[in-house]
Amino acid sequence: MKYLALASILALASSAPSPIQADIALGDVAEVIQSPAAVTTFTYCKDKDFKNCRDQNPIIGTCYNVIDSWDNVASSVRPGVGVTCYIYENKGCSGRDQAVVAPGISNLQSYAFNDIMSSYKCI
Ligand SMILES: [Ca+2]
């Protein structure tokens, strides 16, 4: 009976349309379930001393472009504790970069990076 039940489930599964072409093995699925994407915090601010800020929750290891209205305006930045965030002069995490760790950089002018940041990535 167990075999029959399994066989009918398999028949059902193979006849059902598969909207997503998942090219991963079962082992990969287990790994994804056991290791959800780690998220940190990253705050960037239009003014020095962490004023007029935008708070983000970036996934570790993922590059983010800042939205257009925040492009080339950051004057202070603060990553979450325990990560290193890199800020980049160009989008796509390219160009000159500057590493930042908590408690952050209160005045990017000190690093010749004021009003320059276009993207960031935390690792
Ligand atoms: Ca820039």
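**Close-up views of a predicted model**

**Figure 1. F113, a buried loop residue.** F113 counts as buried because 21 other C-beta atoms lie within 10 Å of its own, and the cut-off for a buried residue is 20 or more. This residue of the predicted model belongs to the loop that connects β6 (94-100) with β7. Leaving aside residues up to four places away in sequence, F113 touches I87, Q98 and L108. S75 is 38 residues from F113 in sequence, yet the two C-alpha atoms are 7.7 Å apart in space.

**Figure 2. The whole protein chain, for orientation.** The chain contains 2 helices and 7 strands. Along the sequence the order is α-α-β-β-β-β-β-β-β, with both helices ahead of the strands. Of the 123 residues, 20% are buried. How many of the contacts between residues at least 6 apart in sequence join residues at least 24 apart? The share is 66%.

**Figure 3. The open sheet β2-β1-β4.** Three strands make up this open sheet, in the order β2-β1-β4, and their pairing is antiparallel. β2 (51-56) and β4 (76-79) are the edge strands; each has a single partner strand, so one side of each has no neighbour in the sheet. From one strand to the next, the twist averages 20 degrees. Strands of a sheet pair through backbone hydrogen bonds, and the pairing can be parallel or antiparallel. Between β1 (residues 42-47) and β4 there are 4 bridges. One residue pair to look for is C45 with its bridge partner S76 in β4.

**Figure 4. The hairpin of β1 and β2.** The two strands run antiparallel and are joined by 5 bridges. D47 has K51 in β2 as its bridge partner. The hairpin has 3 residues between its strands, and D49 in the turn has a positive phi of about 60 degrees. Are the residues of β2 well covered or hardly covered? β2 is hardly covered: among its 6 residues, the count of buried ones is 0.

**Figure 5. Strand β7 and its partners.** β7 (119-122) pairs with β3 (residues 63-65) in the antiparallel sense, over 3 bridges. In this pairing C63 stands opposite K121. β7 also runs antiparallel to β5, with 4 bridges joining them. Here Y88 has S119 in β7 as its bridge partner. Which residues of β7 point one way, and which the other way? S119 and K121 point one way, Y120 and C122 point the other way, and all are buried.

**Figure 6. The largest nonpolar core.** In soluble globular proteins, nonpolar side chains tend to be buried together. The largest nonpolar core in this model has 17 residues, and those touching the most other members are Y44, A74, V77, C85, I87, M117 and Y120. Two or more residues come from each of β1, β5 (85-90) and β7. Which residues does Y44 touch, not counting residues up to four places away in sequence? They are C53, R54, A74, V77 and M117. Of these, A74, V77 and M117 are also named among the core members that touch the most others. I87, another residue in that group, appeared in Figure 1 as a residue that F113 touches.

Methods:
Residues are numbered from 1 along each chain as its sequence is written. This is a predicted model: local features need pLDDT of at least 70, side-chain atom pairs count only at pLDDT 80 or more; totals for chains, interfaces and linings use all residues. A residue is buried if 20 or more other C-beta atoms lie within 10 Å of its own, exposed if 12 or fewer, and partly exposed in between; C-beta atoms are placed from the backbone. Two residues are in contact if their C-beta atoms, placed from the backbone, lie within 7 Å. Two strands pair if DSSP finds at least two bridges between them. Axes are lines fitted to C-alpha atoms, for helices over the stretch in contact, and angles run from 0 to 180 degrees between N-to-C directions. A nonpolar core is a set of buried Ala, Val, Leu, Ile, Met, Phe, Trp, Tyr and Cys residues joined through C-beta atoms within 7 Å.
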